[in-house]
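Me: I have a structure open and I'd like to learn how to read its features. Can you walk me through the empty spaces first, then the helix packing?

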Amino acid sequence: MTTRAIRAVDTRLVRIPLARPWGPDVRDIRVVQVTVTDDAGEQSVGFSWTPSIGGSAVQALIDTDLAPFAIGRPAEPTWWDDAWLHLHEAGGGGITTIAIAGLDLALWDLQARRRGLPVADLLDRRHSQLAAYGSGVNLHYTLDELTQQAKRWVDAGFDAVKVKVGKPDIAEDVDRIRAVRETIGPDRALMLDANQRWSLDTAVSAVEALSPFGIEWFEEPLIAEDLRGHAELKRRTGATIAVGENLHTESRFAEFIDAGAADVLQPNVIRVGGITPARRIADRVQAAGARLAFHLLPELSSQVAFAVEQPTWVEIVEDAGFAELGALTSPTGLVVHDGVVSGGPLLGLGFRFR
């Protein structure tokens with residue numbers, strides 16, 4: 001088969017209002033749609049993503065630095081490392097890896113379409129379905145709103161749920177988590193996400209106060225970059241620690257694994273730079289015997305999760321999927337039913353934004 005080259009890379013910034021705001025300053029998400037055209041005229045679509053902040057900066061980085069670098073290169077997802085090195089002077093991770101993700105996804109979409117396959121099958125799909133957990137950005141919810149959300153997850157068949165913690169007074173967190181545990185019953189898994197709100201000493205106190213409610217994991221208890229702090233928190237408490245949504249490179253994931261600072265690693269497929277590095281990270285996590293749980297974006301992350309060796313949970317944030325938000329021209333085909341995800345696109349990556 002003749003290797004085709006990239007002829008054009010075009011971007012479009014899409015603002016998608018959230019049906020349930022994630023906070024006073026996060027009322028929408030920004031998607032940079034990346035369209036790749038090869039020298040035979042075939043097109044494919046990938047995307048980069050940010051919650052409210054940074055979408056225009058990502059688009060500018062793609063347009064001014066990544067697109068000119070990509071044109072003329074193979075229209076295949078084989079040169080991610082070259083792109084990362086090219087952008088490295090602007091930062092090893094963060095806006096640079098988020099930008100690369102849009103191109104990487106488009107190239108996987110193109111390769112899968114050429115072969116008449118969905119991306120999950122191109123990646124060698126190993127699972128027809130995976131367990132999902134109900135999740136919400138709900139620290140600003142009233143206690144009644146929080147328990148109503150928890151009940152909706154129960155009614156929808158989820159066997160695991162995740163809620164936010166990190167109120168100024170730990171006693172309020174205790175009251176809220178007690179109410180959620182009473183709502184979901186004793187047998188469902190319950191994860192807590194502090195979104196980097198605690199200091200080390202506060203985290204130790206919070207873990208001690210909240211552990212009696214049977215916590216599956218404590219997510220991002222400290223600033224995400226604080227490797228030593230997470231290791232020390234584990235040493236002091238023995239708690240199951242989850243991190244990863246704000247780690248951007250394979251080397252950072254390796255550092256947390258090697259230091260024993262986290263039990264659950266949660267790469268966000270966009271933030272780490274796309275499918276190519278997400279697969280590497282997933283393999284590294286599972287080879288180390290740690291647990292893998294991709295962060296957000298179930299219509300995308302499930303396609304990678306279906307192809308990893310060991311089954312992993314898929315996160316479903318209430319009313320935040322692209323299809324639910326009306327952001328797509330057609331559904332991706334992902335089915336969420338009774339706490340299980342299955343299906344996916346019939347061809348390629350499946351994302352076409354309105």
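Reply: Sure. Keep in mind that this is a predicted model. Let's begin with a strand: the largest share of the lining of the second largest pocket comes from β12, which supplies three residues.

Me: Okay, which other elements supply at least two residues of that lining?

Reply: Besides β12 (334-337), look at α5 (143-155) and α11 (298-305). The pocket itself holds about 350 Å³ of space. It has 19 lining residues, and the closest to its centre are F158, I316, D319, E324 and V336. Sorted by class, that lining has nine nonpolar, four polar and six charged residues.

Me: How do you find such spaces in general?

Reply: You roll a probe the size of a water molecule over the atoms, and that shows where empty space is left. Here, the largest pocket comes out at about 700 Å³.

Me: What lines the largest pocket?

Reply: There are 35 lining residues, and W22, V26, P51, N195 and R271 lie nearest the centre. The elements that give two or more residues to this lining are β3 (43-50), α3 (95-114), β5 (160-164) and β11 (314-317). As for chemistry, you get 13 nonpolar, 13 polar and nine charged residues.

Me: And the cavities: how many of 30 Å³ or more turn up in the whole structure?

Reply: Three. The largest cavity has about 120 Å³ of space. Of its 14 lining residues, L296, L297, P298, A320 and G321 lie nearest the centre. Both α11 and β11 give two or more residues to that lining, and β11 gives the most, with three. The classes here are ten nonpolar, one polar and three charged.

Me: What about the second largest cavity: which residues line it?

Reply: Its volume is about 60 Å³, and the lining is made up of E76, P77, T78, W79, W80, A83, I100, L103, D104 and L107. The elements with two or more residues in the lining are α2 (80-87) and α3. Helix α3 gives the most, with four residues. By class, the lining of this cavity splits into seven nonpolar, one polar and two charged residues.

Me: I100 is on that list. How far is A60 from I100, in sequence and in space?

Reply: They are 40 residues apart in sequence, and their C-alpha atoms are 12 Å apart in space. You'll find A60 in helix α1 (residues 55-70).

Me: Why is A60 classed as partly exposed?

Reply: The class follows from the relative accessible area: buried means under 20% and exposed means over 50%, with partly exposed in between. A60 has a relative accessible area of 37%, so A60 is partly exposed.

Me: Now the helices. What do I look at when two of them pack?

Reply: Two things describe the pair: the angle between the axes and the distance between the axes. Take helix α7 (residues 200-210) and helix α8 (residues 227-237): they pack at an angle of about 35°, and their axes are 10 Å apart. The crossing of α7 past α8 is right-handed.

Me: Which residues make the contact?

Reply: From α7 you have L200, D201, A203, V204 and V207, and from α8 there are G229, E232, L233, R236 and T237. Split by class, the residues of this contact are five nonpolar, two polar and three charged.

Conventions:
Residues are numbered from 1 along each chain as its sequence is written. This is a predicted model: local features need pLDDT of at least 70, side-chain atom pairs count only at pLDDT 80 or more; totals for chains, interfaces and linings use all residues. Side-chain values use heavy atoms; hydrogens and water are left out. Axes are lines fitted to C-alpha atoms, for helices over the stretch in contact, and angles run from 0 to 180 degrees between N-to-C directions. A crossing is left-handed if the near helix is turned anticlockwise from the far one by less than a right angle, and right-handed if clockwise. Contact means heavy atoms within 4.5 Å. Ala, Val, Leu, Ile, Met, Phe, Trp, Tyr, Cys and Pro count as nonpolar, Asp, Glu, Lys and Arg as charged, and the others, Gly among them, as polar. On a 1 Å grid over the protein atoms alone, a cavity is a set of points where a 1.4 Å probe fits but cannot get out, and a pocket is an open set with protein on both sides within 12 Å along at least five of seven lines; lining residues have an atom within 4 Å of a point. Grid points are joined across faces, edges and corners, and a volume is the space filled by probe spheres set on the points. Buried means under 20% relative accessible area, exposed over 50%, partly exposed in between (1.4 Å probe, protein chains only).
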